[in-house]
Amino acid sequence: MIRFARKDDMSSVLSLIQELADFEKEPDAVIITEDDLLKDGFGVNPKFYCLVAEKAGRIIGMALFYSRYSTWKGATLHLEDLIVTQSLRGEGYGKDLYSAFIAFAAEKRLKRIEWVVLDWNTHAIDFYKKSGAHVLDDWNTVQMDEQAITAYVKSSH
């Protein structure tokens, strides 16, 4: 069953986030807490949406996404993470989450949805291409972590 997450799902969501970080070979990268998820997802101005896949009352997958704005297309959604726990991959839960995310975007009449995928995750890349998504290889993701932000601000004054 796919549904929108509730506050009491955030512990399970955080576990899935950590599982994804482990899968992506970044086990120490997760610094977010359950309290952060509660504050950021269920406050006055929620910063994200989260769909969960549930099996026998247990959260076994999630898709976390948020609103963005394109100067070319208008309102868009960015899919930050989609994961199904390792033991249940290949049973259709990931596709169900993916489909629910796309249906939500269609319901909102959005002109674009987007996400990033690691270049070595060929299984996901193949899935996305088969679904009609375009995997762009002429754009690079650019990020600054907290230290880089701080160093830049200090050096630009």
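## A salt bridge between sequence neighbours

In this predicted model, the side chains of Asp40 and Lys39 come together in a salt bridge, with an N to O distance of 3.2 Å. The two partners sit in contrasting surroundings: Asp40 counts as buried at 17% relative accessibility, whereas Lys39 is exposed, its relative accessible area being 55%.

## Other salt bridges

The pair just described belongs to a wider set, for a search of the whole structure finds eight salt bridges. Another of them joins the side chains of Asp9 and Arg3, where N and O are 2.7 Å apart. Here Asp9 is buried, with a relative accessible area of 4%, and Arg3 is buried as well, with a value of 12%. This pair also has a further partner, since Arg3, Asp9 and Glu54 are linked in a network of salt bridges.

A salt bridge also connects Glu19 with Arg89, and the closest N and O atoms of this pair are 3.6 Å apart. Because Glu19 lies in helix H1 (residues 10-23) while Arg89 belongs to the loop between E4 and H3, the pair ties together parts that are 70 residues apart in sequence. Glu19 is partly exposed, with a relative accessible area of 21%, and Arg89 also counts as partly exposed, at 31% relative accessibility.

## The largest nonpolar core

Turning from charged to nonpolar side chains, the largest nonpolar core of the model has 19 residues, and those with the most contacts inside it are Phe65, Phe101 and Trp115. Several elements each supply at least two residues of this core, namely strand E2 (49-55), strand E3 (58-70), strand E4 (74-84), helix H3 (93-107) and helix H4 (122-130). Among the contributors, H3 gives the most to this core, with six residues. As a general background, nonpolar side chains tend to be buried together in soluble globular proteins.

Which residues is Trp115 in contact with, leaving aside its neighbours within four places in sequence? They are His78, Leu79, Tyr98, Phe101, Tyr128 and Ala133. One of these contacts, Phe101, is itself named with Trp115 among the residues that have the most contacts inside the core.

## A second core

Separate from the core described above, there is a second one of 14 residues, which includes Val13, Leu20, Val52 and Ile83.

Methods
Residues numbered from 1 in each chain as written. Predicted model: local features only at pLDDT ≥ 70, side-chain atom pairs only at ≥ 80, totals over all residues. Heavy atoms only, no water. Core = buried A, V, L, I, M, F, W, Y, C linked by side-chain atoms within 4.5 Å. Buried < 20%, exposed > 50% of the residue type's maximum accessible area, 1.4 Å probe, protein only. Helix = DSSP H or I, 4+ residues; strand = E, 2+ residues; numbered from the N terminus. Contact = heavy atoms within 4.5 Å. Salt bridge = Lys/Arg side-chain N within 4 Å of Asp/Glu carboxyl O.
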